[in-house]
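Trainee: I should like to work through a protein model and learn how its charged and nonpolar side chains are arranged. May we proceed by question and answer?

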Amino acid sequence: MTAMAYPAQQPAGDPVDTATLQAARIKTVRDHMALECTQEWDAVIDTFQHPRYEMHGSGAVFDGEKEVRGYFRSSRTPFPDLANEIIAIAADQDTVLVEFWLSGTHLGPLHANGKVFDATGRKFRIRMAATFEFALNSDKIVCERPYSAADAKLRALGLS
């Protein structure tokens with residue numbers, strides 16, 4: 001997985017109210033995560049300057065609107081009720097870090113580890129973290145990076 005680099009410092013001569021920008025970024029992340037729960041995909045896409053997910057657990061990268069919308073579809077097939085609950089959130093420079101509970105019910109086929117797991121009807125809840133990288137001087141996301149063990153959902157569902 002290749003991480004994209006974004007400048008962390010403000011350019012000279014371009015003053016930005018840091019506290020206001022950090023508050024706006026935290027609001028963007030809160031809105032983004034809430035919109036993912038309600039599956040308002042157009043509005044989720046609007047939180048990005050450039051849609052991109054880098055999945056730490058699997059190494060998969062979804063870059064651009066078409067790939068990100070495909071990720072939304074594929075992740076909601078096995079877990080149509082996928083939801084998150086923010087535990088903690090903080091901003092520093094061009095990054096917002098979130099710790100959250102991810103939960104859902106296994107109601108459709110799950111493709112993992114080269115296998116397909118039929119729906120079990122079981123619920124899972126795992127603790128995760130994610131970073132959200134922002135465009136310079138902007139409250140628009142340029143990359144979301146969720147972090148969890150690659151098999152966390154499988155273990156929580158009793159499938160590994």
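The exchange below concerns salt bridges first and the nonpolar core afterwards, in a model that is predicted.

Trainee: How many salt bridges does the count come to?

Mentor: A pair is counted when a side-chain nitrogen of Lys or Arg is within 4 Å of a carboxyl oxygen of Asp or Glu. By this rule, the count comes to 11.

Trainee: Is Glu54, which forms a salt bridge with Arg52, buried or exposed?

Mentor: The closest N and O atoms of Glu54 and Arg52 are 2.7 Å apart. The partner, Arg52, has a relative accessible area of 9% and is buried. Buried means under 20% relative accessible area. Glu54 has a relative accessibility of 1%, so this residue counts as buried.

Trainee: How many residues apart in sequence are the parts that Arg52 and Asp63 tie together?

Mentor: The side chains of Arg52 and Asp63 meet in a salt bridge, at 3.3 Å from N to O. Arg52 belongs to strand β1 (residues 52-54), whereas Asp63 belongs to strand β2 (residues 61-63), so the parts joined by this pair are apart in sequence by 11 residues.

Trainee: Which residues are linked with Arg52 in a network of salt bridges?

Mentor: Two of the members have already been met as partners of Arg52: Glu54 and Asp63. The network that contains Arg52 links it with Glu54, Asp63, Glu133 and Arg145.

Trainee: Which strands hold Arg127 and Glu99?

Mentor: The side chains of these two residues, Arg127 and Glu99, meet in a salt bridge with an N to O distance of 2.6 Å. The pair ties together parts that are 28 residues apart in sequence, because Arg127 lies in β7 (residues 123-134) and Glu99 in β4 (residues 95-105).

Trainee: Are Arg127 and Glu99 buried, partly exposed or exposed?

Mentor: Partly exposed residues fall between the limits of 20% and 50% relative accessible area. Arg127 has a relative accessibility of 47%, and Glu99 has 29%. Both therefore count as partly exposed.

Trainee: Which element gives the most to the largest nonpolar core?

Mentor: This core has 32 residues, and Tyr53, Phe72 and Phe132 have the most contacts inside it. Among the elements that give two or more residues to the core are α1 (18-37), α3 (65-76) and β4. The element that gives the most, with six residues, is β7.

Trainee: Which residues are in contact with Phe132, leaving aside its neighbours within four places in sequence?

Mentor: Phe132 is one of the residues with the most contacts inside the core. With those neighbours left aside, the residues in contact with Phe132 are Val29, His32, Met33, Asp94, Thr95, Val96, Val98, Ile141, Cys143 and Glu144.

How values were computed. Residues numbered from 1 in each chain as written. Predicted model: local features only at pLDDT ≥ 70, side-chain atom pairs only at ≥ 80, totals over all residues. Heavy atoms only, no water. Buried < 20%, exposed > 50% of the residue type's maximum accessible area, 1.4 Å probe, protein only. Helix = DSSP H or I, 4+ residues; strand = E, 2+ residues; numbered from the N terminus. Core = buried A, V, L, I, M, F, W, Y, C linked by side-chain atoms within 4.5 Å. Contact = heavy atoms within 4.5 Å.
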